[in-house]
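Me: I've got this model open on my screen and would like a close look at one part of it. Could you take me through a single residue and its surroundings, then connect that to the rest of the chain?

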Amino acid sequence: MRLTDRGIGRDALRRLAFLFQDGMVLAATLRGMNAIDLLAPSLTRAEPLDRLCPALTDTGFAHLRVGLRTLAQAGWIEAGPALEPDATTIAWTAAGRAVAAHHDSYLELGSYLAMFLDNEPDAWERPWDGQRLALFAELVEGAEARWELDDLDAALRDDVVAHLDGALASPALLWLDASGDLDGADGPALPGGDAGELVARLLRALGWLGDDGAWTEDGVIALDFVVHLGLVGSYLPMFGRLPELYGGAISGARSGPAEGREWHVQRELNIRASTAAHGRYFGDADRAIAQIFDREPLSEQPRFVLDTGCGDGSWLARIHALVSDRTLRGRHLDEHPLLLVGADYSQAAVQRARRTLAEAGAPALVLLGDVSDPDALRDDLAAHALAIDDGLHVHAFVDHDRGYGGARAPQTAAGLSSGAYLAESGHALDPAAVEADLAAHLARWAPHVARHGLIVLEAHCVAPQVAARHQGALHSIAFDAYHGLSRQYPVERRAFISALRRAGLRQAATGERRYPTTRPFVAVSLNHLLGGGAAEHELIPGFDGDVARHDSWRPRPGVDRRDGRALHELLYEGGDLRHPRLWSSAATSLLVTQAIAVLEQRLEELPSGSVLRVLDYGTGTALAAIELLKATRETGLEQRLERAGVTLELHLADIPSSWFAYGYDVVRDCSWTRCHSLVGDDGRFRPLLEVTGGVRMDVVMSSMVFHLIPPKAVRRVAEGLADVTAPGGRLLWNAPDLGLPGPYAVLFHDPNRALRAHWKALLNGDAMPDSQLQRDAIAAASARAAHASLPLIDDDRAGRRILPRPHTGPEIGDALTGHFVGEVTTQTYEIADEETIDTLLVPSNQEEYLPEIEDAQLRAGIVEELMRTVVLPAMHASPAGTALGYNVHWTFGDFRPLEG
């Protein structure tokens, strides 16, 4: 099957680039299993590993765990391995058995890949001959025959073809690329003789080379992805030795056939491939970096930037170009040049970085240094008259590449990650221990980054059951394998955030990014980390315990705040303002990032003495307002307002409730805030312009509100928002329960709707109770209805809390278009099971949504039982399922009022 049969296009070729790399890893993995006589027995006997492979050593098993996890990610076996061989059984799936029928092709390709063990700097430039060329010739014939896979179904066949093509073609493409032979505009400059003819035949089989020797359209696009193949290609010296690693003859990537130096990776190729893969993310950090260098006076800016794990220095060169923009305030580079400092444990990287920064004309210092030891870096910098805490710190995909220090996990801690990890000794590590070690590692950095922060790009592992559903859309199958085998320690994103918080760090309120944005996994994240030791009142500007309030509404004396407290703890870990809970933190961060950008732009246009005004419409317990206040301090906007002589007012408006009363308590000591009721004494909604006292807003924010507005009220709300938005101002909003969700997400309240549907089925007799708790709940609901002569099912009350039919994003957009112009966008974010249950157990949520049960304890019990036994398992098994929960579809709006 030719690539052109898949359809020409960059997306299809990007998918192939991922599958090509998976193919190299899978071929090497099956070869390793076959070499220790495990592959064939595992297909016929469902027995623990200690019986299937009695000679398996502890270190051999630890390395084999990585391989078995790879097979699970590919969907070939049912689950990842346990921590002990006697608890690990290989259960092949139907797809895995179908592929295993063609294991000979994978094994031959594994043997071919094992011919690339050389990791000398010029290894990829050397000519091919002898045994390698002879085996390549045999395999090219298989590629031309499209590997004879007619017995496989079409979807599986396409993936297997891509695996086999990739294992064969990737080394050839990397060889030509290293020699500069792929650069010809009309086609590759192939070497002479048999090697050149064989490569041409392979490229024609792929559909990348025409009969005239010129690149096809597919081929031209595919060239952009060749360097990325080096991510796996650089580790072929390690993958080629899987038989020895699985057999226990080599204890790991830091020891072995070249004791005392790196043997497991071809470092030059790795640097080049990593630079190409990482560069796309650097630009997303520009805004946070620019804000740091926009501070005045100059003493508030970092003296230098330290990139630990700098690779070839590309990020530092980009930062130099960014800060060299003279529009940034305070720093005049002729008088106060910014020093760029790089550190890397690889001598090859240090040399490359020095060249990169010299070519960029950047004042630079590049040192040998290891991210595992910030104190040693502190001492090295001191030798150059630099204090480590005077720098802005940046890390790009390096915190997982640390030495394992052996920090002990708390006895009660369960690992959030699914990775297969190796200790320095070559033995298996529990994910909880790896996460504890990450927290200890970040704690070592925490005091050094407290002043200016740490901007960190990090890659994350993806659980096997999730990766298996998204093959071709992620690099994780290959990534997790070569990192696990080389004793690196990527964890899943939720585990990373948990570790940084345990380390005493916190995320900034703005700038958080995740990649990709529409799938139920996070492969890469971008965060600006700050010192977490600040007291809550130090996070918020305008904080004064004796502030004179300018509110038009205050909570009535004696208002019960328990429901508000429950919501607040749903939004912040333990109610701690430093740590928003992850189910909503990124969506709030995006909203706040947009609001800060608008405020900064408006500030540039205002004279001294002006007032910037923000309305948080439907504030609840003030999540968006709190995060915006934090952001004004973190981004330096607070200072810029003061210098410009401009004040900021933050107006919070909502319906009086326990939620709003609690939000009032949180912000009441901040002089920037004013609170207003959306309803009058008569209980009717007031015009928004009346609510704000006749003043219009530069920014109107609305977080998690639009999906709750009844259909008949949407256009009235849109009109009110238009009235209160100043000319040139912005309406920014998000909502997690607006349809239509994409293929890999559900709406926020879909699990709630599923819960209610099942509960109603129990009440109607359409479903049978399967626990005493369910029978008790049905009996209580029936007794209530009979006693009060009420209907058994109260859909009217339940429908007030959650709309039975959710609005769609386009519907909200249409309602706004009579008054605004703008765009609606979407992203997806994970919510964990515990967060879902906490959402439902907020008292006002459960009593409104299951009104048929009056007893609060019984109602909470039935909510949790049905969620854990019925609803959440279905969510996990759906395309929206994640490792720890499911993916929620969020809708965002960015609108400007119509002129005139």
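The part I have in mind is Trp890 and the strand it sits in.

Reply: Happy to. Keep in mind that this is a predicted model, so everything below is computed from predicted coordinates.

Let's start with the spot you picked. Trp890 belongs to strand E17, which covers residues 885-897. Is Trp890 buried or exposed? Its relative accessible area is just 1%, and buried means under 20%, so Trp890 counts as buried.

What is Trp890 in contact with, once neighbours within four places in sequence are set aside? Quite a list comes up, and it's easier to take it in pieces. Trp583, Ser584 and Ala587 are among the partners. Met704 is another, and the list also includes Asn734, Ala735 and Pro736. Thr825, Thr826, Gln827 and Tyr829 are on it too. If you want to find this site on screen, select Trp890 together with those residues.

One of those partners takes us to another residue. Asn734 is in contact with Trp890, and Asn734 also appears among the contacts of Ser702. Ser702 is in strand E14, residues 697-703. With a relative accessible area of 0%, it falls under the 20% limit and so is buried. Besides Asn734, and again leaving out neighbours within four places in sequence, Ser702 is in contact with Leu591, Tyr617, Leu732 and Trp733. Asn734 therefore touches both Ser702 and Trp890, two residues that are each buried.

Strand E15 is worth a look as well, as it runs over residues 725-735. After it, on the way to helix H31 (750-764), comes a loop that holds Leu740. The peptide bond from Gly739 to Leu740 is cis, with omega near 0°. I'd check that one by eye in your viewer.

There is another cis bond to look at, this time between Tyr515 and Pro516, where omega is about -5°. Pro516 is in the loop between strand E9 (513-515) and strand E10 (524-531).

While we're on backbone geometry, a couple of residues have a positive phi. Arg487 has a phi of about 60° although it is not a glycine. You'll find Arg487 in the loop between helix H21 (476-485) and helix H22 (493-502). Its relative accessibility is 2%, so this arginine counts as buried. Asp37 likewise has a positive phi of about 60° without being a glycine. Its loop runs between helix H1 (10-35) and helix H2 (39-44). Which way does Asp37 go, buried or exposed? Exposed is the answer, because its relative accessible area of 58% is over the 50% cut-off.

Back to Trp890 for a sense of distance. His448 is 442 residues away from Trp890 along the chain, and their C-alpha atoms are separated by 36 Å. Ala277 and Phe225 make another pair to try: they are 52 residues apart in sequence and 9.5 Å apart in space, C-alpha to C-alpha. Ala277 lies in helix H14 (residues 267-282), and at 15% relative accessibility Ala277 counts as buried. Beyond its neighbours within four places, Ala277 is in contact with His228 and Leu231.

As a bench person you'll probably ask about cysteines. How many disulfides does a search of the whole structure find? The number is 0. Cys675, for one, is in no disulfide, and the nearest cysteine sulfur, that of Cys670, is 10 Å away. Cys675 is buried, with a relative accessible area of 0%, and Cys461 is buried as well, at 2%.

Now zoom out to the whole chain. It comes to 37 helices and 17 strands. The radius of gyration is 30 Å, close to the 29 Å that the globule rule gives for 900 residues, so the chain is as compact as a globular protein of that length. Along its principal axes the C-alpha trace spans about 90 × 80 × 55 Å. Buried residues such as Trp890 make up 59% of the 900. Of the contacts between residues at least 6 apart in sequence, 79% join residues at least 24 apart. On the outside, the accessible surface comes to about 33,700 Å², with 50% of it belonging to carbon and sulfur atoms. As for charge, there are 83 positive and 124 negative side chains, and the centres of the two sets lie 5 Å apart.

How values were computed
Residues are numbered from 1 along each chain as its sequence is written. This is a predicted model: local features need pLDDT of at least 70, side-chain atom pairs count only at pLDDT 80 or more; totals for chains, interfaces and linings use all residues. Side-chain values use heavy atoms; hydrogens and water are left out. Helices (H or I, at least four residues) and strands (E, at least two) are DSSP runs, numbered from the N terminus. The radius of gyration is taken over C-alpha atoms; the globule rule is 2.2 Å times the number of residues to the power 0.38. Buried means under 20% relative accessible area, exposed over 50%, partly exposed in between (1.4 Å probe, protein chains only). Contact means heavy atoms within 4.5 Å. Accessible areas come from the Shrake-Rupley method with a 1.4 Å probe; for residues, only the protein chains shown count as cover. Lys and Arg count as positive and Asp and Glu as negative; His and the chain ends are not counted. The place of a charge is taken as NZ of Lys, CZ of Arg, CG of Asp or CD of Glu. A disulfide is a pair of cysteine sulfur atoms within 2.5 Å.
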